[in-house]
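Thanks, everyone, for making the time this morning. I would like to walk you through one model, and I will try to keep each statement to what the coordinates or the database record can support.

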Amino acid sequence: MKANEATSSGGGGDDNGANSDPSSGARKHSKRPKYSKFTQQELPACKPILTPGWVISTFILIGCLFIPIGLVSLFASESVVEIVDRYDETCIPGKYSHDHLAYIQSGETNKTCTRSVIVPKHMKGPVFLYYQLENFYQNHRRYVKSRDDNQLQSKNAGYGSKECEPERGTPDRPIVPCGLIAWSLFNDTYRLSVKNKVLEINKKNIAWKSDKERKFGSDVYPKNFQSGGLIGGAKLNSSIPLSEQEDLIVWMRTAALSTFRKLYGRIEEDLKANEEISITIENNYNTYSFGGKKKLVLSTTSWIGGKNDFLGIAYLTVGGLSLFLAISFILVYVFKPRPLGDTSYLSWNKHPSGHAN
């Protein structure tokens, strides 16, 4: 009996010991985060009260800042002199006026075209020469992916990725650079002259320095490029590394919109007002098969860049709207004031019974 009692009391002691602190296991496995003022959102905070004075002052400040910035930006944009000449249609001979595609695809037609433009205002050098394409979707997903960055950087890369198909290579020779972007390289050329004096076009440093140094290898040379039956665009000099082929580098930076400009070169001298510029164009690039347009652009720059009125108009619009709101709030505050924090405007004070009438 004593043994049994001892055993029972011992067992009871174990049960009581296991259940003596039921919260210890809960504390051990608790997911409650460690207390801090940050997790409990008890840090000091600024809680401004939007009084009429603060709101009106803020709108006035925004208006007084944005309107001058908009005027300065708009003035800078207006100071840019720009000449835009579309030539894709006017460079088509009359014989092919109803069949542009036959003209551009024929190897026997004369692609040389001469245009003349008048300088509207004095253009201070350097004058930037761009080509502009419209309805050309460089942002198409299939087109953007059709390249191999490893191949552009390393001579040991060999064949490009499968994304480069169908311009990846033949069974025995890879194409360098591969892909549709390089294959469709723009190949129209321009030669400018004033009074029979040729204007030199500087094509050095027209690409981003970071692209030349990091994305295109100095030991990677074109191989088997544009050697198939279907030629897409310009050919590349196989003796010049890709890092020095700046026309290619400029073209490979794909545009975000279907209308875009890319830098062709710079004219490092001034162009006088009313001078006539003669432009000889080799109209080789096929935009006729997809209804695209080609334009030649001569432009100066300002501290804000090229000609772009959008930034100035946007600043003026926001500034003007802010001043309009400030004046509106002032009139409301003067002619229909109300005490700050007036509880009578609360819905439950307007209808004490709790029912809206």
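I will begin with the two helices, then go through the strands, and finish with three individual side chains.

Please keep in mind throughout that this is a predicted model, and that the distances and accessibilities I quote are computed from it.

Let me start with helix 3, which covers residues 52-78. At 1.5 Å a residue, its 27 residues should span 39 Å, and since the end C-alpha atoms are 38 Å apart, the expected and modelled lengths agree. Helix 10, at 310-335, has 26 residues and reaches 37 Å from its first C-alpha to its last, which is close to the 38 Å expected for it.

Which residues of helix 3 are buried? They are I56, G63, G70, S73, A76 and S77, and these buried residues pack against helix 10. Looking from the other side, the buried residues of helix 10 are G312, G319, S322 and A326, and they in turn pack against helix 3. As a general reminder for reading such lists, an α-helix has 3.6 residues a turn, so residues three or four places apart point the same way.

The record has something to say about this part of the chain as well. In an unreviewed entry, UniProt lists residues 54-76 and 313-335 under "transmembrane region", and I would treat that as an annotation that may be inferred rather than shown by experiment. In the model, residues 54-76 are 100% helix and 0% strand, with end C-alpha atoms that lie 33 Å apart. For residues 313-335 the chain is likewise 100% helix and 0% strand, and the end C-alpha atoms are 33 Å apart.

Now to the strands. There is an open sheet of 4 strands in the order 1-8-3-6, with antiparallel pairing. Strand 1, at 82-86, and strand 6, at 260-267, stand at the edges, and because each has a single partner strand, one side of each is left without a neighbour in the sheet. From one strand to the next, the twist averages 20 degrees. Within this sheet, strand 3, residues 127-134, pairs with strand 6 in the antiparallel sense over 7 bridges, and if you want a landmark for that pairing, L133 has F260 of strand 6 as its bridge partner.

Strand 4, residues 189-194, runs antiparallel to strand 7 and is joined to it by 6 bridges, with L192 bridged to I279 of strand 7. Strand 4 is also joined, again antiparallel, to strand 5, residues 197-199, by 3 bridges, and here V194 is partnered with K197. The hairpin of strand 4 and strand 5 has 2 residues between the strands, and K195 takes a positive phi near 55 degrees there.

That leaves the three side chains. What does the side chain of K295 reach, and in which strand does K295 sit? K295 is in strand 8, and its side chain makes a polar contact of 2.9 Å with that of E134. At 19% relative accessibility K295 counts as buried, because the cut-off is under 20%, and I would therefore describe K295 as lying just inside that cut-off. Its contacts, leaving out residues up to four places away in sequence, include V84, D85, Y131 and Y190.

R115 is in strand 2, residues 112-118. Its side chain is joined to that of D85 by a polar contact of 2.6 Å and to that of T90 by one of 3.3 Å. Beyond its sequence neighbours within four places, R115 is also in contact with other residues, among them Y87, C91, I277 and I279.

Finally, Y285 lies in the loop between strand 7, at 276-282, and strand 8, at 293-299. Is Y285 buried or exposed? Y285 is buried, with a relative accessible area of 3%. Its side chain reaches the backbone oxygen of S184 at 2.6 Å, and, not counting residues up to four places away in sequence, Y285 touches I104, L133, F136, S184, L185, F186, N187, D188, G232, W251 and K294. By contrast, the C-alpha atoms of Y285 and G306, which are 21 residues apart along the chain, are separated by 25 Å.

I will stop there and take questions.

Note on methods: Residues numbered from 1 in each chain as written. Predicted model: local features only at pLDDT ≥ 70, side-chain atom pairs only at ≥ 80, totals over all residues. Heavy atoms only, no water. Expected span 1.5 Å × (residues − 1). Buried < 20%, exposed > 50% of the residue type's maximum accessible area, 1.4 Å probe, protein only. Contact = heavy atoms within 4.5 Å. Polar contact = N/O pair within 3.5 Å; in protein donor to acceptor, adjacent residues only side chain to side chain. Pairing = 2+ DSSP bridges. Axes fitted to C-alpha atoms, helices over the stretch in contact; angles between N-to-C directions.
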